[in-house]
Structures are given as C-alpha cells and as structure tokens.
Amino acid sequence: MGVASEKDASEAMKLCVFDLRRGQTEGQELDKILFFYPADLPLSTQLSVIGLSEGLVTFTRIFSPEAPCEVIEAERHSHVFYEAEPDIWMVMVVEKESEAIWRVDALRRVLKEVHTLFVMFHGSARALVDRDPSGGLVRTHLYYFIMDFLSAFEKRSPLEYCCWDFSIGTKLQLPNFRDSLKERGTLQMLTVGREAAIEVQSLVAVLESCAGDTLCYSLTMFQDLLVSTNLSPIDTVNLFTYAVLRLTPLALSHGASSWSHSRKADTACNTSTGALLLNSGPAAEQYYNSSDASPLLRHNYPLVRPLQHSKWSKGKDGFLTTDIWGRDVNSLVPTCPTIWLRQTEEKMYILAYQHRGLTVILLIPVSSVSGEQGIAMLKQQILENASLKMLKVEERLSRGWGGENAYHVSGYRYLLVDGDRYISRASPPGKVTTLTKDSLVALSKLREEVDSIKGRSVCDNSCHEKDLEISIRAKNNAWLIARLTRGKELYMVLEKSNETLLYASEAVEKFSERYCNGAFSLD
C-alpha cells in the first residue's frame, strides 16, 4: 500500500517515529524504531537516519533542556523535529528542491496533526507501548495510520481544498510555498446571522435533550465550515480536521468517485493484525514478524484504520456509517465509531448525521450507553425529535451562504489567523492560484521570518506581547505584508505594480477596519 515509488520517496521525504527509551543496548538499536517511511529502505539506512536524529536531540538538550532541536538545515536536506510525547520523537527529512520551498513550521504542523489524530483514535503512543512492551502493537497502529494519512491516489483540483492528503500520482506533495495562505491546525468558521445562530442553538438544545441526563458534546458544520460546538478548542480542531478529511459532503463525494474497485483487497483487510500484516511489505515484516513482535501476532489484536478512504457513507436514515470499527457479531451491524477526547480523556461514541450541506456530529460517552442497542435507541430519538429542525437549519444556512468565494475580498489575497482561538480565514484557493509564483515564494520566505521571530519570542517568554509589522516589495513589485498583534496574525499580498508603500499601508488599514474590527490598525 505504498504511496510513492521507492526512488521518489527515498529522494524526496523520509518520516520516522522513534522512542528514546528503547533500543539503548548494543545490538538492540532496531527496537527504538516505531515507524519509518519509506518502509522498504534498508534497515541500515533507517538506523542511520534515526541515529543522527537521536544524536542531535541529545546534544541540543544539553544547551536547551526544555526546547531541544526543532530543525537542522543541511546542504541538501532539512531535518524537522517534533517531540510528540515525552521521549517519543517524530522526524521528517525533506530534500531541498527549487520547486519545493518548505516552511519549517508548516512541516512541523504536519507532524503534529498526524500525532493528534492518532491519539484521538488510538490513545497515546506511550500507552500502547506500555500495553505491549514488545512494541508490536504501537508499530502496527502507527504504520497503518500514518500510511493512510499520507495516501491519496489521484490528482486533485486546486479547488478541492477540503482534504490535506499529500499524494498526487506517485509523488508525495507536502506543504510548500503554494500553501502560504493556509494555516494547518485551525478552524474555518461560517459567519451566520442572528436568526440562524438562534436556530443552531435551538438544534443543539434538542440534540442534548435526546441524550437525556447524559453529558454529550456536539459539533455542527455547514459544508467544510464550522458553525457551532461545545467541545474544548483542541478537541474541536481534531474532530473538525477529521470531519473535513472524511465526513463532510465534499469528502464523501470525493471518496465515492475517486476509488476504483481494484483497491478493495487492500482496504478490506481490517479485521485483524494478522490479516493486515500479509500486505505490509518486506520491511514491515522485519518489524512485525520479528521475535519481539510475536506476542502481537499471537494475541491477534484488532486494528482500526479510521483514515482509510471511501469507508464512510450516508445511510438512508441520514446517519453516516462505516465498518472501519468492525461489525457486531450477532447482527452484522457496523460497530459505532469511537474517539478519545483530549481534554477529559473520555472515550466517546461518534454519531454523525448529514442533510445536504449540514453535518451534525454528536459525541456520547461510551460508559453511558448500553452498546449498539443503546446507540440505535439514541439514533431513533434524534430522528424523531431533531431531524425536522436539522432540515430547517440547513435551509437557513444555505440561503445565507455565499458559496466557495464567500470570503473573497476584491483586490486582496489574505490570511487571517487567531492563534488563541485556533481560527483562520483566507482568500478562496481559486483566487490564490491567480497569484504569481514570485509572490508566493516571497510570501513563504516572509512567513518563515515571522515564524523565526515568534520562536524567539516564545524562548523569551514574551509571546503575543510585542506587535510586529513587516512590509516587503517583491521582485515582481507585489507588496507582501505581515502584521501581528495580540495573538492575531494577518498576511497579505497586493499584486499591483503601481502601488507605493503608503498605498499598500492604506489598503491594509481599510481591510483591518472593514473585516477585522480594526485589530490590525496602526492607530
């Protein structure tokens, strides 16, 4: 199930996960490897990459115990580090190319997203290691989860911006300068009027009443935009990210149209670890069929692969269904999906209902529902009491929505980020594609400089305390502007060659006053 040819993958990108608490005895170094991509690279090469990474982490910790190595720039490669959990590190090694101008922070956000989604479905990697000290369990889960995260099998239109998958054809497409007006790990909100907001609040109240005395959470989306939620910010981001990847109408329609039946054999083997390992390739077999992994094979742990493509569908009753979590032995009804909440560390059932562009996700504690029978009763309650209200909410939101270009501002190409609230808004992707390569490359370099300044502020314990303004005239005479104030960030490209700095500054002021309540005004 590889997502790139061996040659392309080995040259372009390597991604590994390793545990500093393992493999410290001579001859046992292989034990520290929890995941490596490409999996078919020689073990000596894998150990070389991880050995170098471990050495850099250990060395930099001497000088900065609280914030060790984040990135190493070599002549031909960049090594990006992310400590996902204490002593569990993720490292991405990317080749420097003229067409692939990376932002280190964007690549680190990829690693962070992989880990946060993994924890949402499987719990922490450390907990899996403690559960099976041989390492077989965590390796198996990581291998299939990350490979599913990376995998995509067709070239997509730039307008299909809902999914963050990275493969186009046989080559991995990581975030580069063309994504400079995007911010991973943030929410995109739908602006609604007062009456629509009241309707949504009323719907949420009805959904909560369907659960009775049970404390439940909900997340409401329209198309790929968030409408409302009562989850914590970090749990909202995680569930929103997954919904955009696999649950929204655009994600479902894409999955239904893009996958051929030729991949059934690859995706159907999700019932047991033993069955999955038959398709894992030579390098994976060296991990999973080793003597250390034998307890995993003997226990035949079930494996859930929530990021598989084309595994969700809409049922006749409007609820989204999947057999990723298996099926009930007696009734053959698909087992209800579950996730772990980050804030409360509760295991929750996911109930997702969809009507046209509206997707409503209800989370119910597993401990409060009596299995699949209880889930069926809850679904019936929702259909009887909330389905009509969901229809009305969808109609109201549809009438007020301006389409994919709703947040386009003529003459501007922009990105707004509210870091404290994990919210971003940007020019529509179709409008961003009208920018020249020179503008996008220059913006990427500007954002890299801003990331560096922000990083130094964090080290000085002064994050969000200092305002920042940078204006740059690019080679093609476009103005690139960055303004940061009180946790909010604005990035803008103005591609009019006759603009002066004063004109550009006034344009930013107008934008700030009209669309940001003056947050970025200099007065």
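Biologist: How much area does the chain expose, and what share do carbon and sulfur atoms supply?
Modeller: About 23,800 Å², with 51% from carbon and sulfur atoms. Areas are Shrake-Rupley with a 1.4 Å probe. This is a predicted model: local features need pLDDT of at least 70, side-chain atom pairs count only at pLDDT 80 or more, and totals for chains, interfaces and linings use all residues. Residues are numbered from 1 along each chain as its sequence is written, and side-chain values use heavy atoms, leaving out hydrogens and water.

Biologist: What percentage of the residues count as buried?
Modeller: 52% of the 523 residues. Buried means under 20% relative accessible area, 1.4 Å probe, protein chains only.

Biologist: Which residues have the most contacts inside the largest nonpolar core?
Modeller: Phe 35, Met 92, Tyr 242, Ile 339, Ile 361 and Leu 363, in a core of 67 residues. A nonpolar core joins buried Ala, Val, Leu, Ile, Met, Phe, Trp, Tyr and Cys through side-chain atoms within 4.5 Å. Helix H5, residues 136-150, gives the largest share, 10 residues. Helices are DSSP runs of H or I, at least four residues, numbered from the N terminus. Another core lies apart, with 47 residues, including Phe 222 and Leu 494.

Biologist: What does Met 92 touch beyond four places in sequence?
Modeller: Its contacts (heavy atoms within 4.5 Å) include Met 13, Leu 15, Val 80, Leu 111 and Leu 174.

Biologist: New topic. What divides up the lining of the largest cavity: how many nonpolar, polar and charged?
Modeller: 3 nonpolar, 3 polar and 6 charged. Among the 12 lining residues, Arg 103, Ala 106, Pro 175, Asp 179 and Lys 182 lie nearest the centre.

Definitions and conventions
Buried means under 20% relative accessible area, exposed over 50%, partly exposed in between (1.4 Å probe, protein chains only). Helices (H or I, at least four residues) and strands (E, at least two) are DSSP runs, numbered from the N terminus. On a 1 Å grid over the protein atoms alone, a cavity is a set of points where a 1.4 Å probe fits but cannot get out, and a pocket is an open set with protein on both sides within 12 Å along at least five of seven lines; lining residues have an atom within 4 Å of a point. Ala, Val, Leu, Ile, Met, Phe, Trp, Tyr, Cys and Pro count as nonpolar, Asp, Glu, Lys and Arg as charged, and the others, Gly among them, as polar.
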